[in-house]
Amino acid sequence: MAEYELYCFAQSGNAYRAALMLNLIGADWKPVYVDFFKGQTRTPKYRREINEMGEAPVLAHGDRKLTQSGVILTYLAKRSGKYLPQGEEEELEALRWIIFDNQKVNGFLGPYRFLKNFAKPAGDPAVMAFLKDRIDGSLSIINKRLEGRKFLLGDRPTIADVSLAGYLYYPPEEFGFDIGKDHPAIGAWRERVKTLPGWKHPYELMPGHPKAD
Ligand SMILES: N[C@@H](CCC(=O)N[C@@H](CS)C(=O)NCC(=O)O)C(=O)O
């Protein structure tokens, strides 16, 4: 049995953060498929036995079940010593970017992509326009941050970068815009993260792609 089990599915950028981290630290892990599109996360059983918040990802480790990708990243960084922010200053800085990412970067990209590709009916144009405006604003902030910096905190990649990876590697067709072209410093950062040993695309790391109808 693998040391870690990750409840996840291929289309989830939130789960990708945890899957990517497990691979980057060379952990012994295996994915457990969550049938999100059939409503598994909304069942009483899932909420009772897996995650009361009704979300993926969930990391199972021994008797523990950890949820919220930011918590999972922190746990894995502390245990492995890899991608770990060093000292209080960096810890707080990493947390600051992880929260910004969860709320305003991937926190908007995820629902936008869901409404464009998977929701039936697809997202209302007014909602899509609202989200796209927020996405442009948040990505511009990240792009500015990465101009003249290799990674979010500086020269070394940390869990803040792993968090940011969330939805950023899914194909441009799934968004209808090209994040790397529109935000060149993010495009360059994305290529740097891709060279880290253990990096893999979300569709390679997690089960459920291509999505069944
Ligand atoms: N902030 C959470 C977000 C997790 C999240 O929203 N996951 C989605 C899948 S991508 C989910 O499970 N949603 C449950 C639902 O909509 O029922 C994290 O980073 O772990």
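These notebook entries follow the salt bridges I looked up in this structure, which is a predicted model.

Entry one, the count. I took a salt bridge to be a side-chain nitrogen of Lys or Arg within 4 Å of a carboxyl oxygen of Asp or Glu, and by this rule I arrived at 10 salt bridges.

Entry two, a pair between strands. I looked up Glu 5 and found that its salt-bridge partner is Lys 30, with the closest N and O atoms 2.9 Å apart. Because Glu 5 belongs to strand β1 (residues 4–8) and Lys 30 to strand β2 (residues 29–33), the pair ties together parts that are 25 residues apart in sequence. I then checked accessibility, and noted that Glu 5 is buried, at a relative accessible area of 15%, whereas Lys 30 is partly exposed, at 36%.

Entry three, a pair within helix α5. I found Lys 132 in a salt bridge with Asp 136, where the closest N and O atoms are 2.9 Å apart. Both residues sit in helix α5 (residues 125–146), and since they are four residues apart, about one helical turn separates them. I recorded Lys 132 as partly exposed, with 22% relative accessibility, and Asp 136 as partly exposed too, with a relative accessible area of 29%.

Entry four, a network. I next noted that salt bridges with shared partners join Lys 45, Arg 48 and Glu 49 into one network. Within this group I looked up the bridge between Lys 45 and Glu 49, whose closest N and O atoms are 2.9 Å apart. Helix α2 (residues 44–49) holds both Lys 45 and Glu 49, four residues apart, or about one turn of the helix. For Glu 49 I noted a relative accessible area of 40%, which makes this residue partly exposed.

Notes
Residues are numbered from 1 along each chain as its sequence is written. This is a predicted model: local features need pLDDT of at least 70, side-chain atom pairs count only at pLDDT 80 or more; totals for chains, interfaces and linings use all residues. Side-chain values use heavy atoms; hydrogens and water are left out. Buried means under 20% relative accessible area, exposed over 50%, partly exposed in between (1.4 Å probe, protein chains only).
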